[in-house]
Amino acid sequence: MRIRFGCIADDFTGATDLAGLMVRAGLDVTLRVGLPETAAPPQSPVEIVALKSRMGPAEEAVAASRRALAWLRQGGAKRVYFKYCSTFDSTAQGNIGPVAAALLADLGGGQTVYCPAFPENGRRVFMGHLFVGRLPLDESPMKDHPLTPMRDSSLVRLLQPQIGAAPGLIDLPLILQGAGAVRRALPDLPAHIIADAVGDQDIVTLAQALTGLVLTTGGSAFGAALGLALAREGLPLVRTSATALRPIPGGQITLSGSCSAMTRQQVAHYARLVPALKLDPLVLAAEGPGAALNWLKAQPAMAPKLIYATAEPDEVAAAQSRLGVDGSGRVVEQALATLARAAFDLGTRRFVVAGGETSGAVVGALGVASLAVGPEIAPGVPWTFARVEGQDVALALKSGNFGAEDFFTRAHAMIEGAA
Ligand code: ADP
């Protein structure tokens with residue numbers, strides 16, 4: 001098996017989001033959790049490597065991404081996609097720009113395009129400004145994100161300090177002139193180019209125009225559209241048989257470390273329906289997860305249950321002022337990872353997890369190396385399947401703002417109804 005389209009995602013839910021859309025588009029995809037072993041053979045023409053490189057120092061994100069690229073190229077990839085969040089989650093130091101620049105350099109240079117738009121989930125880019133629903137990014141709930149508060153909606157302004165140069169812009173009027181017009185405009189644009197996209201058709205046009213670029217970057221919608229455009233040009237990316245939803249016997253749990261606005265609604269909704277435990281970062285920092293582990297052990301193994309650290313922005317700010325941004329994030333992630341592992345040991349086999357960083361921590365604690373991607377629960381959130389210590393496990397890894405209010409019930413009902 002040769003890799004034809006290699007993808008690097010900067011967090012786990014980003015990777016499952018991309019995988020879910022690609023599977024919906026009919027592509028043959030395998031998802032790797034973390035850097036694959038150097039000798040690991042490719043399993044699909046589309047391989048997605050899920051890193052945990054959104055946060056942390058840019059040098060580390062660059063180094064991990066370059067290693068992922070080396071594995072993808074060794075497997076045959078000549079076209080590469082770098083997937084990040086549709087809300088362009090990053091800090092002024094990076095890591096989107098530095099990673100894209102390093103990947104581009106390793107691939108021999110040229111141009112790359114940034115298209116985070118995901119119209120189906122209300123993320124649109126117009127004149128270089130990112131909108132979430134009807135709000136500019138910096139007025140959306142993303143302004144209060146615990147780790148990457150987004151305080152500007154101009155992607156051009158956000159990217160500039162990250163790459164040390166002014167990016168270009170493929171604007172909507174140009175896209176509306178068609179793929180040929182976009183392609184003809186490229187020679188006059190710099191190496192790093194932001195792309196507008198308001199509707200799915202704009203993304204399709206961009207993808208058709210940009211199949212010649214060795215590196216493209218953006219959200220899941222653009223990645224899936226590029227995969228389809230490459231398949232239409234003859235790359236054998238299309239799968240012959242689907243990964244079906246299958247029943248996974250055992251217990252179930254919902255774990256949430258996301259504080260995003262949609263997750264807060266989902267947690268509030270679900271906490272009214274099932275036994276629920278709220279984690280307090282300050283208690284976790286002082287006493288560890290012992291009390292939460294006792295609560296978990298006291299629950300009937302097969303019954304639905306929810307454990308969450310999800311909190312309102314003022315509570316998050318209070319925890320961060322005591323423990324630091326990284327410190328409070330880490331203490332919550334470690335606790336949820338420990339609880340996930342304990343839940344597995346108690347017979348839990350179906351996991352719904354909210355939060356990108358949180359999902360990374362949970363998947364790490366379960367020791368999952370690769371995921372088969374099944375059908376979507378909501379746009380960008382598929383059920384995925386893995387083997388953990390010889391046992392079949394199903395995981396739904398949800399990025400903060402994805403899914404509707406009843407997402408958790410819907411996710412569990414979908415897999416419990418599988419025959
Ligand atoms: P999302 O997908 O919504 O961005 P993430 O899991 O990626 O969610 O990020 C949320 C971060 O917030 C995690 O690092 C998590 O540990 C941290 N966190 C969760 N609950 C709290 C809390 N109550 N106080 C401070 N930080 C928190």
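These legends walk through a few close-up views of a predicted model.

**View 1. The ligand sits in the largest pocket.**
Start here to get your bearings. Helix H12 (313-323), helix H13 (325-345) and helix H14 (356-366) are the elements that each give two or more residues to the shell around the ligand. H13 hands over the largest share, with four residues. And where is the ligand relative to domain 1 (5-232) and domain 2 (251-416)? It lies between them, because both domains give residues to its shell.

**View 2. A shell of 22 residues goes around the ligand.**
Which of them come nearest? Look for His-145, Ser-258, Ser-260, Glu-333 and Thr-358. By type, the shell splits into eleven polar residues, nine nonpolar ones and two charged ones.

**View 3. Ser-258, Thr-358 and Gly-329 each place an atom close to a ligand oxygen.**
For Ser-258, an N or O atom in the side chain is 2.6 Å from an oxygen atom of the ligand. Thr-358 also uses its side chain, with a polar atom 2.7 Å from a ligand oxygen. With Gly-329, look at the backbone instead: an N or O atom there lies 2.9 Å from an oxygen atom of the ligand. How much of the ligand's own accessible area does the protein cover? Of the 580 Å² that the ligand has on its own, 97% is covered.

**View 4. His-145 is one of the residues that come nearest to the ligand.**
You'll find His-145 in the loop between strand E8 (135-136) and helix H4 (155-163). Its side chain reaches two backbone nitrogens: that of Leu-147 at 2.9 Å and that of Thr-148 at 3.0 Å. Ser-260 is worth finding in this view too. Although His-145 and Ser-260 are 115 residues apart in sequence, their C-alpha atoms are 6.6 Å apart in space.

**View 5. A cis peptide bond joins Gly-94 and Asn-95.**
Most peptide bonds are trans, so this link is one to pause on. Omega here is about 15 degrees. To find the spot, follow the loop between strand E4 (79-83) and helix H3 (96-106), where Asn-95 has its place.

**View 6. Met-127 has a positive phi.**
What is the value of phi at Met-127? It is near 50 degrees, in a residue other than glycine. For comparison, most residues other than glycine have a negative phi. Met-127 belongs to the loop between strand E6 (123-126) and strand E7 (129-132).

How values were computed. Residues numbered from 1 in each chain as written. Predicted model: local features only at pLDDT ≥ 70, side-chain atom pairs only at ≥ 80, totals over all residues. Heavy atoms only, no water. Near = heavy atom within 4 Å. Polar contact = N/O pair within 3.5 Å; in protein donor to acceptor, adjacent residues only side chain to side chain. Areas by Shrake-Rupley, 256 points an atom, 1.4 Å probe, with all protein chains shown as cover. 1 Å grid on protein atoms, 1.4 Å probe; cavity = no way out; pocket = protein on both sides within 12 Å on 5 of 7 lines; lining within 4 Å. Sits in = over half its atoms within 2 Å of the grid points. Nonpolar A, V, L, I, M, F, W, Y, C, P; charged D, E, K, R; others polar. Domains from an automatic or database assignment.
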